[in-house]
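Grab a pencil and have the viewer open. Here are a few exercises to work through, each with its solution right below.

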Amino acid sequence: MSKPNYSGTFHMVEQQNMDGYLEALDLNFALRKIVCLLKPTKEITHNPETGAMKIRTLTTFKNFNMDFTIGKEFTEDLGPVDGRTCQTTVSWEGDKLVCVQRGEKEGRGWTHWLEGDKLHLEMRVQGVVAKQVFKKAN
């Protein structure tokens, strides 16, 4: 069975526990408050045949780019997020994309999945979970 194509532009419509997640990443109070007010847009380019994927997270404060091939480990620069680097692998678990980020923080990673026109994102670090939901732009 073929995997879903995640390509598209998605605007955030819901967010849960982002402050707790950012605190677990050691972000200071002021920065956490700013980030929690942002309404990011995700631009995803995905080639299901090669596994190549580009995820652009765009905000009025900072942008974050992630380019990778599904199933291949790479060194991820999380400088724009929390100043760290980690060894990252994004793999398929069914129709979900699961990311494992090995580095200073235990249990760090995320899961993306599609439901209709919604893109779900669950972010994890040290037992803390934050969730975001994005709606696909027309």
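**Exercise 1: His 46**

His 46 sits in strand β2, which covers residues 41-47. Keep in mind as you go that this is a predicted model.

Task: work out whether His 46 is buried or exposed, and list what it touches beyond its neighbours within four places in sequence.

Solution.
- Step 1: take the relative accessibility, which is 6% for His 46.
- Step 2: compare that with the cut-off, where buried means under 20%. His 46 therefore counts as buried.
- Step 3: look for contacts, skipping neighbours within four places in sequence. His 46 then touches Pro 4, Asn 5, Tyr 6 and Ser 7, along with Ala 52, Met 53, Ile 70 and Trp 92.
- Step 4: check a residue far along the chain. Lys 135 is 89 residues away from His 46 in sequence, and their C-alpha atoms are 17 Å apart.

**Exercise 2: Lys 62**

Task: place Lys 62 among the strands, then find how far its C-alpha is from that of Glu 73.

Solution.
- Step 1: find the flanking strands. Lys 62 is in the loop between β3 (52-58) and β4 (64-69).
- Step 2: check the accessibility. With a relative accessible area of 41%, Lys 62 is partly exposed.
- Step 3: go from C-alpha to C-alpha. Lys 62 and Glu 73 are eleven residues apart in sequence and 25 Å apart in space.

**Exercise 3: strand β5**

Task: sort the side chains of β5 (residues 74-78) by face, and say how the strand runs relative to β6.

Solution.
- Step 1: recall the rule. In a regular strand, side chains alternate between the two faces of the sheet.
- Step 2: apply it. Phe 74, Glu 76 and Leu 78 point to one face and are buried, whereas Thr 75 and Asp 77 point to the other and are not.
- Step 3: find the partner. β5 and β6 (residues 84-93) run antiparallel and are joined by five bridges.
- Step 4: pick out a facing pair. Opposite Thr 75 you'll find Gln 87 of β6.

**Exercise 4: the whole chain**

Task: describe the fold pattern and decide how compact the chain is.

Solution.
- Step 1: count elements. The protein chain has two helices and ten strands.
- Step 2: read them off in sequence order, giving β-α-α-β-β-β-β-β-β-β-β-β.
- Step 3: compare radii. The chain's radius of gyration is 14 Å, close to the 14 Å the globule rule gives for 138 residues, so the chain is as compact as a globular protein of that length.
- Step 4: round off with burial, since 41% of the 138 residues are buried.

Technical notes: Residues numbered from 1 in each chain as written. Predicted model: local features only at pLDDT ≥ 70, side-chain atom pairs only at ≥ 80, totals over all residues. Heavy atoms only, no water. Buried < 20%, exposed > 50% of the residue type's maximum accessible area, 1.4 Å probe, protein only. Helix = DSSP H or I, 4+ residues; strand = E, 2+ residues; numbered from the N terminus. Pairing = 2+ DSSP bridges. Rg over C-alpha atoms; globule rule 2.2 N^0.38 Å. Contact = heavy atoms within 4.5 Å.
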